[in-house]
Amino acid sequence: MAYVDGFLVAVPKQNVEAYKDLARKAGEVWKEHGALNYVECLGDDVPYGELTSFPRAVQAKEDETVVFSWVVYRSRQDRDAIVSKVMADPRLQGDEWKSIFDGKRMIYGGFEAFLEL
């Protein structure tokens, strides 16, 4: 069964178009290096919860939206190899992303899929 990396990040609304451009570039690189699927989603119905919520998890501010993303791989081994290649790819080097979103508030992790319907 597949392996999935999941990401959650707050993006200032004024930077959404720049984020989309960066995501397109990153997605092309991930896919080129072997990712099976690359998905980026802008928050549409994500209320700020009283105790927990997507916006609360990344400390989203009034002028920010939440982006939920995932990358699918064949296996954890494939993911580890692909991520190494992606991180070394010169197209994704540099600090461009720092002007688009606050990486300190990004949440990410790897997940082993156990059910797919």
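In this predicted model, K85 is partly exposed, with a relative accessible area of 46%, because that value lies between the 20% under which a residue is buried and the 50% over which it is exposed. K85 belongs to helix α3, which runs over residues 76–88. Computed along the chain, so to speak, K85 and I107 are 22 residues apart, and their C-alpha atoms are separated by 21 Å in space.

The helix that carries K85 is a good place to look next. Helix α3 comprises 13 residues, and the distance from its first C-alpha to its last is 18 Å, close to the 18 Å expected at 1.5 Å a residue. Buried positions in α3 include R79, I82 and V86. These three cover an arc of only 75° around the axis, which puts them on the same side of α3. An α-helix has 3.6 residues a turn, so residues three or four places apart point the same way. The buried residues of α3 pack against strands and a helix alike: β1 (3–12), α1 (16–32), β3 and β4 (107–112). On the face turned away from this buried side, α3 carries the exposed residues Q77, S84, M87 and A88.

Strand β3, one of the packing partners of α3, spans residues 64–73 and includes E64. With a relative accessibility of 10%, E64 counts as buried, because the cut-off for burial is 20%. The side chain of E64 comes to 2.7 Å from the backbone nitrogen of K61. Beyond its neighbours within four places in sequence, E64 is in contact with A10, V11, P12, K13, Q59 and R105.

Conventions:
Residues numbered from 1 in each chain as written. Predicted model: local features only at pLDDT ≥ 70, side-chain atom pairs only at ≥ 80, totals over all residues. Heavy atoms only, no water. Helix = DSSP H or I, 4+ residues; strand = E, 2+ residues; numbered from the N terminus. Buried < 20%, exposed > 50% of the residue type's maximum accessible area, 1.4 Å probe, protein only. Polar contact = N/O pair within 3.5 Å; in protein donor to acceptor, adjacent residues only side chain to side chain. Contact = heavy atoms within 4.5 Å. Expected span 1.5 Å × (residues − 1). Arc of directions from axis to C-beta.
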